[in-house]
Amino acid sequence: WGLRSPTEQYELAGKWLENALQGLESAAAALPRVAAGHYHLAQACCLLARDKQALQVLGEALVLDPRFVPARVLRAELLEALGEEKAAQNERALAREAAPDGWKKLWLEAHEAASERKWYDAANAAARLVELEAASGESYLGSNLEAHLWRGLALLETQEYVPAIEDFHSLEILYPDSIEPTLLKAKAYWRGISSATTSATS
């Protein structure tokens, strides 16, 4: 990517997202009764600024599982962005009600801490979620990737670059078709080198 112009990089990213969306649409069609498949499809729609489609897909996910917290939270964020504050608040209340303990509680704690830029709290909650999944398996389709990405991102923001790089590297091995770990690992390397250079010259 480093040898390409910003315009070329943007176009490549757009094509990758379109391909990812098509793949997720096929996955959701193949697993029509799995709420997580619709949730991931909605995430891709959001990245492509297809908010109305995302809301529709999330509605389908919540028909399948009304207590699926990730879908509730993403729906709340979309509604808030569209200016529907009351509906967004209602979705958040339903998410909290559905997350009294277990992975849902940890997921919600990590997400809310990250939203409030409380990165140490986010890293702690994400780390506990990773540990829980290591012991009991994935909480939902794709949750292991999501939990590790969150922990890596939180570590990145707390300037703990080495463990962040280790997280992203392990994801590259586990999920070779995913571009996110590679991009985030590069970002962690860049930030770490920039931080070390600044310290050395100050």
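**Figure 1. Three helices around a pocket.** Helices α4 (69-81), α5 (85-97) and α6 each supply at least two residues of the lining of the second largest pocket, as seen in this predicted model. The largest share of that lining, four residues, is contributed by α6. Lining the second largest pocket are V73, E77, R92, A95, R96, L108, H111, E112, S115 and E116, and the pocket has a volume of about 170 Å³. When these lining residues are sorted by class, three are nonpolar, two are polar and five are charged.

**Figure 2. The protein chain as a whole.** The protein chain contains ten helices and zero strands, and reading along the sequence therefore gives the pattern α-α-α-α-α-α-α-α-α-α. Of its 202 residues, 39% count as buried.

**Figure 3. An edge-to-face pair of tyrosine rings.** The count of aromatic pairs in this model comes to six. In one of them, the rings of Y39 and Y140 have their centres 6.3 Å apart and their planes at 85 degrees, and because planes over 60 degrees apart count as edge-to-face, this pair is given that name. Y39 lies in helix α2 (residues 35-47), while Y140 lies in the loop between α7 (119-136) and α8 (143-157), so the pair ties together parts that are 101 residues apart in sequence. Are these two residues buried or exposed? Y39 has a relative accessibility of 3% and so counts as buried, and Y140, with a relative accessibility of 8%, counts as buried as well. Y39 and Y140 also belong, together with F68 and W103, to one aromatic cluster.

**Figure 4. A tilted pair of tryptophan rings.** The rings of W107 and W150 have their centres 4.9 Å apart and their planes at 45 degrees, so this pair is tilted. W107 lies in helix α6 (residues 102-115) and W150 in helix α8, so the pair ties together parts that are 43 residues apart in sequence. Both W107 and W150 are buried.

**Figure 5. Helix α2 and its covered residues.** The 13 residues of α2 should span 18 Å at 1.5 Å a residue, and the C-alpha atoms at the two ends of the helix are 19 Å apart, which agrees with that expectation. This helix is mostly covered, with ten of its 13 residues buried. The buried residues of α2 are A35, A36, G37, H38, Y39, H40, L41, A42, A44 and C45, a list in which the reader will find Y39, the residue whose ring pairs with that of Y140. Just after α2 comes A49, which takes a positive phi of about 60 degrees.

**Figure 6. Helix α8, from its covered residues to the position that follows.** For the 15 residues of α8 the expected span at 1.5 Å a residue is 21 Å, and its end C-alpha atoms are 21 Å apart, which agrees. How many of the 15 residues of α8 are buried? Twelve of them are, and the helix is therefore described as mostly covered. The buried residues in α8 are S143, N144, L145, E146, A147, H148, L149, W150, G152, A154, L155 and L156. Following α8 is Q159, whose phi is positive, near 65 degrees.

**Figure 7. The two sides of helix α9.** Helix α9 (residues 161-174) has 14 residues and reaches 20 Å from its first C-alpha to its last, close to the 20 Å expected at 1.5 Å a residue. Its buried residues are Y161, A164, I165, D167, F168, L171 and E172. These buried residues cover an arc of only 160 degrees around the axis, which puts them on the same side of α9. The face turned away from that buried side carries the exposed residues V162, E166, I173 and L174.

**Figure 8. Contrasting leucines in helices α9 and α10.** L171, found in helix α9, has a relative accessible area of 0% and is buried. Between L171 and L145 there are 7.0 Å in space, C-alpha to C-alpha, although the two are 26 residues apart in sequence. L183, by comparison, lies in helix α10 (residues 180-201), and with a relative accessible area of 42% it is partly exposed. L183 and F168 are 15 residues apart in sequence, with their C-alpha atoms 8.9 Å apart in space.

Key:
Residues are numbered from 1 along each chain as its sequence is written. This is a predicted model: local features need pLDDT of at least 70, side-chain atom pairs count only at pLDDT 80 or more; totals for chains, interfaces and linings use all residues. Side-chain values use heavy atoms; hydrogens and water are left out. Rings of Phe, Tyr and Trp (its six-membered ring) pair if their centres lie within 6.5 Å; planes under 30 degrees apart count as stacked, over 60 as edge-to-face and the rest as tilted. Buried means under 20% relative accessible area, exposed over 50%, partly exposed in between (1.4 Å probe, protein chains only). The expected span of a helix is 1.5 Å times one less than its number of residues. The arc is that of the directions from the helix axis to the C-beta atoms. On a 1 Å grid over the protein atoms alone, a cavity is a set of points where a 1.4 Å probe fits but cannot get out, and a pocket is an open set with protein on both sides within 12 Å along at least five of seven lines; lining residues have an atom within 4 Å of a point. Grid points are joined across faces, edges and corners, and a volume is the space filled by probe spheres set on the points. Ala, Val, Leu, Ile, Met, Phe, Trp, Tyr, Cys and Pro count as nonpolar, Asp, Glu, Lys and Arg as charged, and the others, Gly among them, as polar.
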